[in-house]
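Biologist: Could you take me closely through one part of this model, the packing of two neighbouring helices, and then show me how the rest of the chain is laid out around that topic?

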Amino acid sequence: MCAALVSAAVVTLGAPLVPQVQQSFGVGTEASQWSYTITLLVGATLTPLLGRLADGRRRRPAMIVVCALVTLGCAVSALGTRYGVFLTGRALQGVAVALVAMTIACARDLFTGPATARLIALLSITTALGAGAAYPLTTFVADHLGLRAAYGGAALLSLLVTLAVAGGLPAVAARDGDPRLDVPGAVVLIAATACALLAISQGNAWGWTSAGVAALAAAAAVLLLGWIRLELRVPHPLVELRLFARRDVLAAHLTGLLMGVSLYNTPVLITRIGLAPRDTPYGVGLGLSAIGVVMAPIAVCNYLSSRGATALARARGRRIALAAGGVVGALGPLMLIGVDGHLSLLLASVVLTSCGAGATFGTLPGLIVDAVEPGETGSATSVNILLRAVGGVVGSAATAALVGAAAGPEGQATSTGLAWAALACAGTCVASVVVSGCVPSRRRRTASHPVAVEPVPLPRTD
């Protein structure tokens, strides 16, 4: 649990501090957005590899190294006087994205019985819980003491968590069937993901038809096809692609991708609208510390909605729980259209977005855990978290493009641009409701008697 909270520290140092980063380093809007995007990009590229490491005897050293890298990244960002150094620290912090998948793999090994399902659902939303609790503190420190103090405090927290993991996490004994690390598959997937996400994140800045974006997109496509062929041939693949043939696993991954757009980007829109002066058509005129207080309900709403979705899934099935999360999540960004300085609508957006995310991401792990073997849990859940981060990067590029396309004088955001960005976030939530229809209805499984499901056999390419 402590390790997963490190992810929350990274989140709280992202979206709400983008305007502060822009002011402190004197960079442009798109450049400052990279302080948020680069963390998601690194997290997305490395999560599958780190998730696989969590499925075997390498789990303990891997988690210690990840926590240590996050500590180093926070320290580098706190001490860096140049924006390039600061971004390097933010990139190192991206490995924290994988910690949720790693802790879910730990929970499945260390706990049994009905409590396991509840614990896994709680771990799935740990980042949001910790973020909601830490937002007020992070924004207050950054507002009154500066960015250095905020990142320095995160470095201290990460150091304490590193020591706790080193001293408290039990070693995993070698066992039959321990997955071998697919190094070639990891290298190719990292390269393909990096090319794809870099093309998406830089499309607005370089031009979507530019040679650079086209080259990156082509390289990503070639590498991805090569990786799929490789994974279908090796005996111990990094990601068991045959599991994607299962409707519940495929629905879980698509839902994670779609909901990730809103999960990571609606808070950015909330921050922009909240900090904007009241003399703008939409601005609420809050300070950075007040934004942190507005974000505080995220923790409570995520927790309560996760518990509610778990009860709804037991009563009506996971299909209904996922659909409910998507509907509620779509209402969150819609509240931002026509805010017109009303704080109540800003708070409503926070509450609805958080409830939708909590219901969705509290339900997804159960789908995955029921469908895979224990030795595949870290790998399978890491793919889901990877796709959430991919959704975040895609949404970050899309919202930046939509806001920029309708920018006013001196590049200032306009009501039109923000409305289009909010509609994009709501649209992906609605799309997730459609995807939830792929989930088999009324699964009669319980956490204490999970059904071991064999993946659907697909022909190998060799």
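Modeller: Happy to; here is the helix pair, followed by the cysteines, some loops and the cores. A word on the ground rules: this is a predicted model, in which local features need pLDDT of at least 70 and side-chain atom pairs count only at pLDDT 80 or more, while totals for chains, interfaces and linings use all residues. Residues are numbered from 1 along each chain as its sequence is written, and side-chain values use heavy atoms, with hydrogens and water left out.

The protein chain has 18 helices and 0 strands; these are DSSP runs numbered from the N terminus, helices being H or I with at least four residues and strands E with at least two. Buried residues make up 55% of its 462 residues, where buried means under 20% relative accessible area, exposed over 50% and partly exposed in between, using a 1.4 Å probe and protein chains only.

Now to your pair. Helix H14 (residues 297-316) packs against helix H15 (residues 318-334) at an angle of about 140°, and their axes are 7 Å apart. Axes here are lines fitted to C-alpha atoms, for helices over the stretch in contact, and angles run from 0 to 180 degrees between N-to-C directions. H14 and H15 are therefore oblique to each other, given that angles under 35 degrees count as roughly parallel, over 145 as roughly antiparallel, 65 to 115 as roughly perpendicular and the rest as oblique. On the H14 side the contact (heavy atoms within 4.5 Å) is made by Ala-309, Leu-312, Ala-313 and Arg-316, and on the H15 side by Arg-318, Ile-320, Ala-321 and Ala-324. By class, this contact has 6 nonpolar, no polar and 2 charged residues; Ala, Val, Leu, Ile, Met, Phe, Trp, Tyr, Cys and Pro count as nonpolar, Asp, Glu, Lys and Arg as charged, and the others, Gly among them, as polar.

Beyond H15, the loop between H15 and helix H16 (343-371) holds Asp-340. Asp-340 has a positive phi of about 50° although it is not a glycine. Most residues other than glycine have a negative phi.

What about the cysteines? With a disulfide taken as a pair of cysteine sulfur atoms within 2.5 Å, the count comes to 0. Cys-301 is in no disulfide, and its nearest cysteine sulfur, that of Cys-355, is 4.2 Å away. Cys-301 counts as buried at 11% relative accessibility, whereas Cys-355 is partly exposed at 23%.

Just before H14 in the numbering comes helix H13 (residues 288-295), which is mostly covered, with 6 of its 8 residues buried. Among them are Leu-288, Ile-291 and Val-294.

Another loop, between helix H11 (211-231) and helix H12 (247-275), contains Leu-241. Leu-241 is buried at 16% relative accessible area. Leaving aside neighbours within four places in sequence, Leu-241 is in contact with Trp-227, Ile-228, Glu-231 and Leu-232.

Finally, the cores: each is a set of buried Ala, Val, Leu, Ile, Met, Phe, Trp, Tyr and Cys residues joined through side-chain atoms within 4.5 Å. The largest nonpolar core has 52 residues, and Leu-13, Tyr-36 and Met-102 are among those with the most contacts inside it. Helix H3 (residues 29-53) gives the most to this core, with 9 residues. Apart from it lies another core, of 22 residues, including Leu-286 and Leu-346.
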